[in-house]
Amino acid sequence: MASFTLHGIPVSRGIAIGRAHLLAPAALDVRHYLIADEQVEAEVERLQQAIETVHRELQTIWRELPKDAPAELGAFIDVHALILSDPMIAEMPLDIIRTRYYNAEWALVTQIDELSAQFDEVEDAYLRERKADIQQVGERVLKVLTGTAALPEPDGGDDAAARMIVVAHDISPADMLRFKERAFGGFVTDLGGQNSHTAIVARSLDIPAVVGMYKASALIEQDDWLIIDGDAGVLIVDPSPKVMEQYRERHARLMRERKKLSRLKKMPAVTRDGTEIALLANIELPDDCPAAMEAGASGVGLFRSEYLFMGRTGSLSKLPSEDEQFESYRKAVLAMKGRPVTIRTLDIGADKPLDVAEQTALNPALGLRAIRFCLAEPQMFLEQLRAILRASAYGPVKLLVPMLAHGFEIDQTLAMIEQAKTQLRDAHVKFDPLVPVGAMIEIPAAALTLPLFIKRMDFLSIGTNDLIQYTLAIDRADHEVAHLYNPLHPAVLYLLSTTISIGAKYGVPVSVCGEMAGDTKLTRLLLGMGLREFSMHPAQLLSVKQEILNSDLDAIVPQTKKILRTLEHLAIAEAVERLRAM
Ligand code: PEP
Ligand code: MG
């Protein structure tokens, strides 16, 4: 095949060279592994039983159809039952298990993909549409087989895995997180924006990734050779040997530069004029703490606790219990060895759906998300607050609340925290009664009514990802409007700089924990605004530190003031570029 290049939105830097591992939408939900000879019949039976269960499910649906249900509905169920009985589905996958030793899920998906491809070739539009029925039947059986979604294992040792590049139409943040346990070389998706949560997790893995590629997953074939240029947002498919060689050299150079950076680990982050800057880590799970310590973070500035809650299908009762949460929070606190851990309360919704709260909202980003959801589920919220408070007996903990906008929401939240404390006292459970409580400033209304927050909160943390989304009315996960998602829009800069300066005026510490904090192109601008606390993925920390070590506030501050008075987009971009070059 001839080489070709695709362009997308760069979300995680670096270069990855490897072979494509395509995740079909259905394949996302299945594990791929080879079974041993003696497991074959058990695996065949597992699949037969799953098919049997779906038969019974369909019969039940049929029986329970309301009398006035449209006739097509019954016909539709009949079609599904027929498909399920067809040897194509009822027998072929069993042969795949017996001959290729695939696990049941993999065998089924292989057969469904095969049939789907055959249907694509059919001229007749009606028949072509039956492809969807086959896929739906397949998904029903898969659901019975798997219960929950699982991702493919990298085939082979670490080395082989590192060379596998995942290509998918879309990957949910929860699935992306599960890639953490497996080493892949890079990620490419058709959908997604710069600061979607999927992109953020890819960045935290420090693996090159490009999103918003439109049709990449349709154009790339399994096992194609790929090069991801994560800095440029470019994907090269089937590169020529010459291009391959150039990228191998660039990759080696990048690795050497990173190694050099590691010398900065133990150095304090101080500007040339002697101003100390705190660099903290953003984490998704307690297991990220060693990387934060390794990068020399002075604490955790954002523990996105929702990742403990995501990917658990079912009802509220399936969510992590107070004890399970407590164990996770304590694990993070102990791993940080006396450095503060800022635990953010559940920030669920929008592109981080929890199954139970799921996508029924007309506009999820503006819906019942984050603190709004917590205040609507007080028992669940109290459990989380108790778990966080209990962890504070083991080391310094700060409590951070997302998406606050109204004074009464702050009051209700603080009242709930007091209630959780009273419950713990009554039960004679230890906790730190002085745990600082802070608010995320990520809704423009919050940034414009800061005195409400200053009066009630111990610290503030600016969530630039959402602040940009809500200020500019740009869905952060939508690639169609990704070009309009601009951290340097003067309205964003105004809200950021006023929050930082008002915080400083009233002695309330302000940090930035959105993605802007980890972007070296913006480090000096933020320093110039007066920011002294940055929280980012551990992988970004040393590059930001290097930028700080080379910065001189005396020179930066006057230039930043000028930028804050500028309105024209290009003039701002050029001035920020000059600031970097100073
Ligand atoms: C933010 O909005 O900037 C933030 C840090 O939180 P999240 O990305 O999890 O919404
Ligand atoms: Mg946010």
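**Arg386.** I began with the side chain of Arg386 in this predicted model, and found that a polar contact of 2.7 Å joins it to the side chain of Glu322. Arg386 is found in helix α15, which spans residues 378-391, and I note it as buried because its relative accessible area is 15%, where the cut-off is under 20%. Leaving out residues up to four places away in sequence, I listed what Arg386 touches, and the list reads Glu322, Ala420, Gln423 and Leu424.

**Salt bridges.** I then searched the whole structure for salt bridges and obtained 26. I looked up Asp323 and Arg390, whose side chains meet in a salt bridge at 3.0 Å, N to O; Asp323 lies in helix α13 and Arg390 in helix α15, so this pair ties together parts that are 67 residues apart in sequence. The two ends differ in exposure, since I find Asp323 partly exposed with a relative accessible area of 46%, whereas Arg390 is buried at 14%.

In the salt bridge between Arg46 and Glu105, I read 2.9 Å between the closest N and O atoms. Arg46 belongs to helix α1 (residues 40-63) and Glu105 to helix α5 (residues 104-121), so parts 59 residues apart in sequence are tied together. Here Arg46 is partly exposed at 28% relative accessible area, while Glu105 counts as buried at 7%.

For Glu306 and Arg344 I noted a salt bridge of 2.5 Å, N to O, between the side chains. Glu306 sits in the loop between β10 and α13 (322-335) and Arg344 in strand β11 (residues 341-344), 38 residues apart, and both are buried.

**Magnesium site.** I next checked the magnesium ion (ligand 2), whose protein donors are Glu442 (OE) and Asp466 (OD), 2.0 to 2.1 Å from the ion. Since Glu442 lies in the loop between β13 (437-441) and α17 (444-448) and Asp466 in helix α19 (residues 464-472), the pair ties together parts 24 residues apart in sequence. I find Glu442 buried at 2% relative accessibility and Asp466 buried at 3%.

**Strand β9.** Last, I turned to strand β9 (residues 278-283), which is mostly covered, with five of its six residues buried. I recorded parallel pairing with strand β16 (residues 533-536) over four bridges, in which Ala281 has Met536 as its bridge partner. With strand β10 (residues 300-304) the pairing is also parallel, over three bridges, and Ile283 stands opposite Phe303. I traced the chain from β9 through helix α12 (residues 289-294) to β10 and noted this β-α-β crossover as right-handed.

Note on methods. Residues are numbered from 1 along each chain as its sequence is written. Chains are lettered from A and ligands numbered from 1 in the order in which they are written. This is a predicted model: local features need pLDDT of at least 70, side-chain atom pairs count only at pLDDT 80 or more; totals for chains, interfaces and linings use all residues. Side-chain values use heavy atoms; hydrogens and water are left out. Donors are N, O and S atoms within 2.8 Å of the metal (3.2 Å for Na, K and Ca); water is not among the atoms, so sites may look incomplete. Helices (H or I, at least four residues) and strands (E, at least two) are DSSP runs, numbered from the N terminus. Buried means under 20% relative accessible area, exposed over 50%, partly exposed in between (1.4 Å probe, protein chains only). Two strands pair if DSSP finds at least two bridges between them. A crossover is right-handed if, with the strands pointing away from the viewer, the path from the first strand over the helix to the second runs clockwise. A polar contact is a pair of N or O atoms within 3.5 Å; within protein, one must be able to donate a hydrogen and the other to accept it, and residues adjacent in sequence count only if both atoms are side-chain atoms. Contact means heavy atoms within 4.5 Å. A salt bridge is a side-chain nitrogen of Lys or Arg within 4 Å of a carboxyl oxygen of Asp or Glu.
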